[in-house]
Each structure stands twice: as structure tokens, then as C-alpha cells.
Amino acid sequence: MASQDYDHNVFINCPFDEPYQGMLYALIFAVYDCGFKARCALEVDDAGSVRIENIVELIRGCRFGIHDVSRTELDKDNDLPRFNMPLELGLFLGAMRFGSSKQRQKHSLILDRERYRYQKFISDIAGQDIKAHEDKAEVAIRRVRDWLNSSPVDSDVTKPGARKMAERYERFMSELPDLCGKLHLDTDELTFNDFTTILEEWLVYNEW
Amino acid sequence: MAKTKRTIKRSGKIGSVSRKDVRAAVREVGRARSASTGRFVKKPKR
């Protein structure tokens, strides 16, 4: 893996359910608009491989990680919490702690709905960079933008402001149905790879 | 078997739609938006 790829890859660790989709799109957009590349377990569609192995490989290839633990809550059907996000956060923090010198350069941004909610269920992560997105896409964009802007990678490049970025996100989302129509895709069936491919080309045409 | 006109540019990506198709769609939708909002639209060559 080229070092340049590693330095610009951002692992997105978040829920994949339908109600969260808007937030996922906003996170991906902010990552790309800052000049980085979003990586996510959804990009690997290989039923023959072990899921955790795919995730480990993704984490290995990403210097940055965004972990949204906002959906760590009891499932209505079985009263059990969803722990995939905290598990993958643990893997990422483990790589930062025990990995090679390259892996120790990792940076993580932990997102939740409210800033101190994590203390009730995962208090050991205190001291990490934990921010609240308030379940709002524009707030999530601001968190990602500010975090990547303060990272050591591309530190000589100031990223455009979060408000402008959120406006661009709104514009992209308003054009997405037309784009999908022209490509014979349905917006509600877009895969992660569909979305990022369209976004990459949109950003080329709609430079800052 | 006849070759399909479109090619898959990135394995596992976006079905049978190529990057070129995506680029063309982005350009087309962008132009339409620019025209509707009165922003700069490139004039056709004469």
C-alpha cells in the first residue's frame, strides 16, 4: 500500500441502517471534500471472506478513522446493545497503541449525539477526541472538516469552511436524484461504491 | 457473443456504468443547474 494512500484514507466506522444514511453520506462528502478518501466495510462485498478480516485490512490501510458511537443503544426487539462500532473503535485504538510506527500515526475522531453520553457506556475512551454531531448532517460535516483541517496531513492546505462545505453537500444531494436517473440507478439502492464514484466525479466538476 | 458497448472500469463498481458515463452525467446535470440558476454557461462553439 502506498504511503500516500494510507495518509489520505479515512476509515468510516458507523451504523449502516437506513435512518443513518443521511449522516453517512454527509461524513463521506466531508471526507472527500477535504481531499481525503473514505473507506468503509460496505465497499467490500465478498461473502466468502470473514468480515472482521476485511475490517482489519481496512483499518490497516487508513491513517484516519471516524467512529460514530451514537447508535450504541438497546435494540427494541432484543434489548441488547449494538456493539459493532465500539468493537471497531477498539481495533483502531489497538492498532494505534500496538501497531508499527506507521500505525501509531493514526488519528481518530469519535462522534456521538451528545458530547458526554459516552461516559455512560464506554467511559474508558475518555481523553480521545470525542465530539457531538447532534444528529445533524451540517454539524457532522463541521466536525470532520475541523478535525481533518487540524491533521498533520496536508497541513499547508487550509480546507474551506464548514458552512460552505455543508452548502456544497446540500447541492450535491439535490443533484443526486438527477445523476442517478441518468445512470439508471435508484437513489434508495445506491451502494457505497456507487455513491463514492458519483461523488468523486462530481467533485472534479465542482471544484472549490 | 457481441461485445457490450459499455465497459466496467472499476471492478465491482457501479454495475455496467463506466466512469466516463458518470462524468458525462455530472457535466450534464451541472450545466442544467447552471442554466436554471443563471450562472455562467459555456456557449456552444459556432
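Tutor: Buried means under 20% relative accessible area, and exposed means over 50%. Keep in mind that this model is predicted.

Student: Which residues of helix 7 of chain A are buried?

Tutor: The buried ones are Phe192(A), Asn193(A), Asp194(A), Phe195(A), Thr196(A), Thr197(A), Ile198(A), Leu199(A), Glu200(A), Glu201(A), Trp202(A) and Leu203(A).

Student: What makes helix 7 of chain A largely enclosed?

Tutor: Count its buried residues. Twelve of the 14 are buried, so the rest of the structure largely encloses helix 7.

Student: How do you know that the span of helix 7 of chain A agrees with its 14 residues?

Tutor: Use 1.5 Å a residue. The helix should then span 20 Å. Its end C-alpha atoms are 20 Å apart, so the two values agree.

Student: Now the loop before it. Why is Glu189(A) called exposed?

Tutor: Glu189(A) is in the loop between helix 6 (162-182) and helix 7 (192-205) of chain A. Its relative accessible area is 56%. The cut-off is over 50%, so Glu189(A) is exposed.

Student: What makes the surface patch with Glu189(A) negative?

Tutor: Its members are Glu18(A), Asp186(A), Asp188(A) and Glu189(A). Asp and Glu count as negative, so the patch does too.

Student: How do you know whether His184(A) is buried or exposed?

Tutor: His184(A) is in the loop between helix 6 and helix 7 of chain A. Its relative accessible area is 65%. Exposed means over 50%, so His184(A) is exposed.

Student: How many helices and strands are in chain B?

Tutor: Chain B has one helix and zero strands. Of its 46 residues, 26% count as buried.

Key. Residues numbered from 1 in each chain as written. Chains lettered and ligands numbered in written order. Predicted model: local features only at pLDDT ≥ 70, side-chain atom pairs only at ≥ 80, totals over all residues. Heavy atoms only, no water. Patch = residues over 30% accessible without salt bridge, like charges linked within 9 Å, V, L, I, M, F, W, Y side chains within 5 Å. Areas by Shrake-Rupley, 256 points an atom, 1.4 Å probe, with all protein chains shown as cover. Salt bridge = Lys/Arg side-chain N within 4 Å of Asp/Glu carboxyl O. Charge placed at Lys NZ, Arg CZ, Asp CG, Glu CD. Helix = DSSP H or I, 4+ residues; strand = E, 2+ residues; numbered from the N terminus. Buried < 20%, exposed > 50% of the residue type's maximum accessible area, 1.4 Å probe, protein only. Expected span 1.5 Å × (residues − 1).
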